[in-house]
Each structure stands twice: as C-alpha cells, then as structure tokens.
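Trainee: Please take a close look at one part of this model with me, and then place that part within the rest of the chain.

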Amino acid sequence: EPGKEDPEERVVKVTARVGEDLAGRCRAAYIDGLLRGGPASFEAWIAEALEEKLAREEERRGRAYEPVGTGRVPRGRR
C-alpha cells in the first residue's frame, strides 16, 4: 500500500534527471497537496508517486516484482 513502508527497511537514495517543466509542475502539485493533508515533504511526495506507479504495474503484471540490486538497471543516455 502506498506510503506504508516497513520501518525497519533501509532507506536508499534514488536519483533521476527530469525536465525543468516536469520538476516545477511536480513541486506545484506537492505544494497544492499540502493544503489537503498530503505528504509533509517533497521527498515523501515523490516516494508516494513511485509506489503508486509500481502498484499499477504489479497489478497489470498480476504479481509483485522481486527487488533488483543497484548497478543492475541499464543506464540511459544523459
């Protein structure tokens, strides 16, 4: 369920480069969501968005994905 991480789970940093417009619109959505009781930090807002996308993909697939370690995802062009 989105927003329900295991408190014992180690937290890691995930970095992504996105367009300036997308980043700005996401910041605006986060700020707007604060007024409705959304996540208290932009980082939490992003994590919730990732969890929601993952849940949709796992539902489409019919089962959960197994975690993949760092260094295993092919790097795209920068």
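Mentor: Let us start with Tyr-65, which is found in the segment after H2. The model is a predicted one, so local features need pLDDT of at least 70 and side-chain atom pairs count only at pLDDT 80 or more, while totals for chains, interfaces and linings use all residues. Residues are numbered from 1 along each chain as its sequence is written, and side-chain values use heavy atoms, with hydrogens and water left out.

With a relative accessible area of 36%, Tyr-65 counts as partly exposed, a class that lies between buried (under 20% relative accessible area) and exposed (over 50%), taken with a 1.4 Å probe and protein chains only. From Tyr-65 to Val-11 the C-alpha distance is 18 Å, although 54 residues separate the two in sequence.

Going back from Tyr-65 towards the helix, one meets Gly-62, which follows H2 and has a positive phi, near 95°. H2 itself covers residues 42–61, and its 20 residues should span 28 Å at 1.5 Å a residue, which agrees with the 29 Å between its end C-alpha atoms; the expected span is 1.5 Å times one less than the number of residues.

The chain has 2 helices and 0 strands, where helices (H or I, at least four residues) and strands (E, at least two) are DSSP runs numbered from the N terminus. Its radius of gyration is 14 Å, well over the 12 Å that the globule rule gives for 78 residues, so the chain is more spread out than a compact globule; the radius is taken over C-alpha atoms, and the rule is 2.2 Å times the number of residues to the power 0.38.

The other helix, H1, covers residues 20–34, and the 21 Å between its end C-alpha atoms agrees with the 21 Å expected for 15 residues. Its buried residues are Ala-23, Tyr-30 and Gly-33. Seen down the axis of H1, these buried residues fall within an arc of 90°, so they line one face of the helix, the arc being that of the directions from the helix axis to the C-beta atoms. On the face of H1 turned away from that buried side sit the exposed residues Glu-20, Asp-21, Arg-25 and Ile-31. Ala-29 also has its place in H1, and at 32% relative accessibility it counts as partly exposed.

Over the chain as a whole, 5% of the 78 residues count as buried.
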